[in-house]
Amino acid sequence: MENREIQVQEEAFPAIEIKDLVKAYKLYDRARDRVKDAFGLGKKQTGRLHYALNGVSLCIRRGETAGIIGTNGSGKSTILKIITGVLNPTSGQVNVNGRISALLELGAGFNQEYNGIENVYLNGTMMGFSDKEIDEKLPEILEFADIGDYVNQPVKTYSSGMFVRLAFAVAINIEPEILIVDEALSVGDVFFQAKCYHKFEEFKKMGKTIVFVSHDLSAISKYCDRVFLLNKGELLGEGSPKAMIDIYKQVLVGQYEIQGNKEHVEFLEEVKQKKQNGKEAPEQKRQERKDAVNPDALEYGTGQARILEYYVTDDAGLRTAAVLKGSMFTLHMLVAFEEHVPAPIFAFTFKNVMGTEITGTNSMVEKAFLESGEPGQVKEVTFTQKMSLQGGEYLLSMGVTGYNGDTFEVYHRLYDALNITVVSDKNTVGYYDMDSVVQVRDVSREEAEGGRQAGEG
């Protein structure tokens, strides 16, 4: 009982605690103004302050995998550099409890003139390990990096892939209590990325703390326990991966700021009214699908086009919330245009309950509709396909977007609007079924040997 209480206390103890963190830079229009400010030659300072981080506070608990997401320039890399001591904050407090190993910018902490092994010892020494301790870890590091004889060559001759392999091998094998990774894995090949993510799983089981920055939202959704969303140097929110990713997608298209304002509330109310007053299914059919419709679906958009109705039908043409695996089904959307839309794109996406996008498509990809939408028009859009997902529960999102010149516009988006149950008596490995045809036949040893030799030849 006492050991359990100690374990709970350790898990509750923060690995990283940040309070009111500020990092400001001075920006100058001319290089000479920077020199004048540096030497105090000007009568007044000409630089203007840019806040890479502005009053950020967050707490990462020991043993959790925390993700940090945000657009470029939101402060993600800056906050990691401050945590690891690469940068000093302008103001605020940063408390780190545990040995950190960080994989930040490609090649950070490596001497370009040293070979791979010399850099392993250099980094190990910087982390406080003795040569004897590094000797013991070297075989494991080299095996994980798997760059062969290149380990004896100067790292300045390495490809970016070999560089990140060695850097990650060092970072992951020096027994850190806190591992920080900033987007570096995107450089490695797919096999190396798979090996790194497998190592993440091992670290999570060992109770290590991982801070993970990535634009790969699927990886964020799969591996992170909690996610922090940064935008323009400020903490926009923290919570489950699914919740933060949904907000992040609004930020990407400039729609998040309008949440809660008068125009947006009126837009949503008008959509609901049109659903009630427009062509609606009979009461019986509406009753059948009430459990499938998410009353708290996230929706936003400019309002130039609106999804008035949406539902799924099975291969018999009946509305349903359950689709039999292997059968055909159709997603229906009724879209009204309030203004001229030059090239609307209709789209849908299936997500699992963890928020990971599984599959989806849109009319532009399918080259199915390349016309404009005009005020007063209502289009019925249908997507018909075979259900190949494994049996289980899924969330269906849909939207109407498009390009106005070079600007991407979101006219109306509905996230997690429908719950679709896939009914199956045969689930294979992974997210979907490849619908394999299996055949087994007897083969003589002579035939087998002949086939093997032909393959080798």
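Start by selecting Thr125 in this predicted model. Leaving out residues up to four places away in sequence, Thr125 touches Asp131 and Ile134. Show those two as sticks next to it.

Now colour helix 4, since that is the element Thr125 lies in. Is Thr125 buried, exposed or partly exposed? Its relative accessibility is 46%, and buried needs under 20% while exposed needs over 50%, so Thr125 counts as partly exposed.

Next, select Tyr121 and look at its backbone oxygen. A polar atom of the Thr125 side chain lies 2.7 Å from that oxygen. Try drawing a distance line between the two atoms.

Keep Ile134 on screen, because the next stop is a cavity with Ile134 in its lining. How many cavities of 30 Å³ or more are there? The count is two, and this stop is the second largest cavity, with about 30 Å³ of space.

To see what surrounds that space, select these lining residues together:

- Val120, Gly124, Phe129 and Ile134
- Lys137, Ile141, Val170 and Ile174

Which elements give two or more residues to this lining? They are helix 4 (116-126) and helix 5 (131-145), so give each helix its own colour. Helix 5 gives the most, with three residues.

Finally, recolour the lining of the second largest cavity by class. You should get six nonpolar residues, one polar and one charged. Gly124 is part of this lining, and so is Lys137, so click on both before you leave.

Definitions and conventions:
Residues numbered from 1 in each chain as written. Predicted model: local features only at pLDDT ≥ 70, side-chain atom pairs only at ≥ 80, totals over all residues. Heavy atoms only, no water. 1 Å grid on protein atoms, 1.4 Å probe; cavity = no way out; pocket = protein on both sides within 12 Å on 5 of 7 lines; lining within 4 Å. Points joined across faces, edges and corners; volume = space filled by probe spheres on them. Helix = DSSP H or I, 4+ residues; strand = E, 2+ residues; numbered from the N terminus. Nonpolar A, V, L, I, M, F, W, Y, C, P; charged D, E, K, R; others polar. Buried < 20%, exposed > 50% of the residue type's maximum accessible area, 1.4 Å probe, protein only. Contact = heavy atoms within 4.5 Å. Polar contact = N/O pair within 3.5 Å; in protein donor to acceptor, adjacent residues only side chain to side chain.
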